[in-house]
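The following exercises are to be worked through with the coordinates at hand. Each task is followed by a solution in steps.

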Amino acid sequence: MMRIGELSERTGTSRRLLRYYEEQGLIVSERSPNGYRHYDERLADRVLQIRGLLDAGLPTRIIKQILPCLDKPRVIHFPDATPEMLATLELERDRMTERIECLIRNRNAVSEYLDTVRTNRRPDVAA
């Protein structure tokens with residue numbers, strides 16, 4: 001178990017944001033008799049997953065519904081999955097795909113630039 005400060009440090013996530021995730025039901029803590037929050041060690045990965053999904057544009061209400069899929073991807077069953085939720089997930093998936101494609105193009109452009117600079121570097125210029 002770890003306290004909120006350690007979880008914050010491990011994940012680069014502010015304590016305030018961790019408390020927000022808890023309020024939204026995305027993570028769970030136990031309370032000690034003195035009121036301190038204690039988190040399971042495995043939540044560090046969960047917090048990073050949540051941050052990635054938020055960065056990708058998913059709202060917390062959708063993230064809360066798909067988090068079980070991240071633990072057990074082969075056991076997916078959502079009897080309460082509405083057409084709106086499915087449409088939102090499809091839209092967000094498509095947006096992620098576009099962002100990935102853009103990142104790949106940018107990475108390739110940087111790689112090409114580096115290759116060109118290294119190939120055309122003058123011998124008298126230090127590396």
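**Exercise 1. Aromatic pair**

Task: Determine how many aromatic pairs the structure holds, and classify the arrangement.

Solution. Step 1: The structure, a predicted model, holds one aromatic pair. Step 2: Its members are Tyr20 and Tyr21, with ring centres 6.5 Å apart and planes at 55°. Step 3: Planes under 30 degrees apart would count as stacked and planes over 60 as edge-to-face; the angle of 55° satisfies neither condition, so the pair is tilted. Step 4: As for accessibility, Tyr20 has a relative accessible area of 33% and is partly exposed, whereas Tyr21, at 1%, is buried.

**Exercise 2. A charge over a ring**

Task: Identify the ring over which the charged end of Arg3 sits, and give the distance from its centre.

Solution. Step 1: The ring belongs to Tyr36. Step 2: The charged end of Arg3 is 4.1 Å from the centre of that ring. Step 3: The cut-off for this contact is 6 Å, so the distance of 4.1 Å lies within it.

**Exercise 3. Chain pattern and sheet**

Task: Establish the order of helices and strands along the chain, then describe the sheet.

Solution. Step 1: The chain contains five helices and three strands. Step 2: In sequence, they follow the pattern β-α-α-β-β-α-α-α. Step 3: Three strands form an open sheet in the order S1-S3-S2, and the pairing is antiparallel. Step 4: Strands S1 (2–3) and S2 (30–31) each have a single partner strand and stand at the edges, so each has one side without a neighbour in the sheet. Step 5: S1 is joined to S3 (residues 37–39) by two bridges, and these two strands run antiparallel. Step 6: Met2 has Tyr39 in S3 as its bridge partner.

**Exercise 4. Helix H3**

Task: Compare the end-to-end reach of helix H3 with the expected value, and list its buried residues.

Solution. Step 1: H3 spans residues 43–55 and has 13 residues. Step 2: From its first C-alpha to its last, H3 reaches 18 Å, close to the 18 Å expected at 1.5 Å a residue. Step 3: The buried residues of H3 are Leu43, Ala44, Arg46, Val47, Ile50 and Leu53. Step 4: After H3 comes Gly57, which has a positive phi near 105°. Step 5: For the chain of 127 residues, the buried fraction is 25%.

**Exercise 5. Salt bridges**

Task: Count the salt bridges and examine three of them, beginning with the side chains of Glu6 and Arg10.

Solution. Step 1: The count is six salt bridges. Step 2: Glu6 and Arg10 meet at 2.9 Å, N to O. Both belong to helix H1 (residues 4–11), and since they are four residues apart, about one helical turn separates them. Glu6 is partly exposed at 35% relative accessible area, and Arg10 is likewise partly exposed at 43%. Step 3: Glu6 and Arg10 are also linked with Glu41 in a network of salt bridges.

Step 4: A further salt bridge connects Arg37 and Glu22, whose closest N and O atoms are 2.9 Å apart. This pair links distant parts of the chain, with Arg37 in strand S3 and Glu22 in helix H2 (residues 15–23), 15 residues apart. Arg37 is partly exposed, at 21%; because the buried class ends under 20%, a value of 21% is not buried.

Step 5: The salt bridge between Arg93 and Asp94 has its closest N and O atoms 3.2 Å apart. Arg93 is partly exposed at 47%, and Asp94 at 37%.

**Exercise 6. Separation in sequence and in space**

Task: State how far apart Arg99 and Ala56 are in sequence and in space.

Solution. Step 1: Arg99 is located in helix H5 (residues 83–119), and its relative accessibility of 42% makes it partly exposed. Step 2: Arg99 and Ala56 are 43 residues apart in sequence. Step 3: In space, their C-alpha atoms are 8.4 Å apart.

**Exercise 7. Confidence**

Task: Find where in the chain the confidence is lowest and where it is highest.

Solution. Step 1: The mean pLDDT of the chain is 85, and 89% of the residues score at least 70. Step 2: The lowest confidence is in helix H4 (residues 60–71), with a mean of 81. Step 3: The highest is in H2, at 94.

Conventions. Residues numbered from 1 in each chain as written. Predicted model: local features only at pLDDT ≥ 70, side-chain atom pairs only at ≥ 80, totals over all residues. Heavy atoms only, no water. Phe/Tyr/Trp six-rings, centres within 6.5 Å; stacked < 30°, edge-to-face > 60°. Buried < 20%, exposed > 50% of the residue type's maximum accessible area, 1.4 Å probe, protein only. Lys NZ or Arg CZ within 6 Å of the ring centre and 35° of its normal. Pairing = 2+ DSSP bridges. Expected span 1.5 Å × (residues − 1). Salt bridge = Lys/Arg side-chain N within 4 Å of Asp/Glu carboxyl O. pLDDT = per-residue confidence, 0-100.
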